[in-house]
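Student: I should like to look closely at one strand in the middle of a sheet, together with its neighbours. Could you please take me through that part of the structure?

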Amino acid sequence: MAVKSDVIVTIDIQRPTPKLGFGKTLIIGTSDTGADYKTYYDLEALKSDFDEDTEVYKAAFSLLYQGDNSPSEFAVMLRKTEGETWADFMPRVFAKDWYFLMATSGLVTDVTSIADAVEQDNSRQYFVSTSSKDDLATIKAKKYTRTTALYHATTDNYPEAAWLGAAASTEPGGLTWKFKTLKGIESMDIDTTELNAIHALGANTYVTKAGDDVTSEGKTVSGEYIDIIHSRDYLVFSIQYAIQKLLNRSPKIRYDNTGIAQLEAEVRTILKRADLNGMIARDDDGIAQFSTYFKPRSQVDPADREKREYNDGTFEFELAGAVHAAKIKGTIKL
């Protein structure tokens with residue numbers, strides 16, 4: 001019998017990681033019977049529940065038509081047209097797994113009802129498209145921070161879904177939502193005056209710049225940048241999740257400087273990941289501009305120690321942001 005080798009070779013098949021970014025897109029709509037939340041991975045699976053001429057299918061098609069950046073999964077959920085209001089429906093929606101939201105209804109009354117609920121929940125983002133500047137004015141008056149409006153002459157092919165398909169699956173902080181090319185969407189033929197008017201109404205649109213069709217801005221209705229909201233939500237969730245996992249899996253986190261250092265280490269890990277995603281600015285030496293400070297046990301309120309609560313950890317960082325415009329001066333010497 002041969003002697004067993006001292007060398008063992010193992011080959012793993014590495015499969016691509018699904019590109020979900022932070023959360024996934026949920027398409028909501030209405031029907032006579034409604035429909036419970038369901039996740040789909042491609043259009044063929046969607047066809048078993050929604051015909052190609054349905055609004056849900058059209059929205060999903062636009063979402064998945066964006067090439068390499070298209071999400072690997074999305075979800076659908078429908079409200080009953082009779083006997084169920086948006087106020088009844090939205091609390092059920094927030095109990096599900098998603099981050100970006102879009103709806104098949106563009107009626108401004110539906111838009112504001114959904115947007116009001118998203119704003120109150122304060123943890124997700126809602127995208128809508130419209131061809132009405134009057135509707136934009138109504139939405140703008142609400143000063144929504146978590147609703148993004150896209151103005152376009154044609155909305156039946158869901159340009160907001162295309163925008164989500166092009167950008168939502170990337171890592172938080174890894175891109176700006178401006179300058180995104182939307183496959184299947186025609187650019188708007190507008191001049192600078194009209195573009196500025198659309199922006200003043202708190203909306204974005206789709207235009208041609210330097211021969212490329214791109215989104216004109218990347219802001220929510222309030223004027224906040226979409227990627228900043230996305231980054232903030234990602235950090236809140238990730239730090240909460242990491243600390244909770246640490247508490248769950250440890251026999252005990254000691255209430256001394258050793259245990260406090262464990263908490264701080266989890267926060268720093270998340271911030272380092274955020275830096276790799278492009279969320280955090282770097283200084284002239286290429287050092288990520290973030291810091292943490294967790295008070296040692298000796299400086300913690302004894303009442304907190306008695307309650308086994310640690311409430312003295314802080315962090316800060318300098319947001320990298322993105323370049324959206326530039327002015328460059330030159331000199332010609334004779």
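Tutor: The account below begins with the whole chain, then turns to strand E3 and its surroundings.

This is a predicted model, in which local features need pLDDT of at least 70 and side-chain atom pairs count only at pLDDT 80 or more, while totals for chains, interfaces and linings use all residues. Residues are numbered from 1 along each chain as its sequence is written, and side-chain values use heavy atoms, with hydrogens and water left out.

The chain has 10 helices and 11 strands; helices (H or I, at least four residues) and strands (E, at least two) are DSSP runs, numbered from the N terminus. Of its 334 residues, 43% are buried, where buried means under 20% relative accessible area, exposed means over 50%, and partly exposed lies in between (1.4 Å probe, protein chains only).

Strand E3 belongs to an open sheet of 7 strands with mixed pairing, in the order E2-E3-E1-E4-E5-E6-E7. E2 and strand E7 (203-204) stand at the edges with a single partner strand each, so one side of each has no neighbour in the sheet. Two strands pair if DSSP finds at least two bridges between them. In general, strands of a sheet pair through backbone hydrogen bonds, either parallel or antiparallel.

The partners of E3 illustrate both senses. Strand E1 (residues 25-31) runs parallel to E3 and is joined to it by 6 bridges; here isoleucine 28 stands opposite methionine 77 in E3. Strand E2 (residues 35-40) pairs with E3 in the antiparallel sense over 4 bridges. In that pairing, lysine 38 stands opposite valine 76 in E3, and threonine 39 stands opposite alanine 75.

E3 is mostly covered, with 6 of its 7 residues buried. The largest nonpolar core has 54 residues, and Phe74 and Val76 are among those with the most contacts inside it, as are Leu46, Leu164 and Trp177. A nonpolar core is a set of buried Ala, Val, Leu, Ile, Met, Phe, Trp, Tyr and Cys residues joined through side-chain atoms within 4.5 Å. Strand E3 (74-80) is one of the elements that each supply at least two residues of this core, including also helix H8 (226-249) and helix H9 (257-276). H8 gives the most, with 8 residues. A second, separate core of 28 residues includes Ile28, Tyr126, Ile139 and Val221.

Helices also lie across this sheet. Helix H3 lies across E1, E2, E3 and E4, running at about 150° to E1. Axes are lines fitted to C-alpha atoms, for helices over the stretch in contact, and angles run from 0 to 180 degrees between N-to-C directions. Contact means heavy atoms within 4.5 Å. H4 lies across E1, E4, strand E5 (125-130) and strand E6 (147-151), at about 160° to E5.

Finally, the axes of helix H3 (residues 86-94) and helix H4 (residues 108-121) come within 10 Å and cross at roughly 45°. That makes H3 oblique to H4, since angles under 35 degrees count as roughly parallel, over 145 as roughly antiparallel, 65 to 115 as roughly perpendicular and the rest as oblique. Trp86, Met90 and Phe94 in H3 meet Asp110, Ser113, Ile114, Ala117, Val118 and Asp121 in H4.
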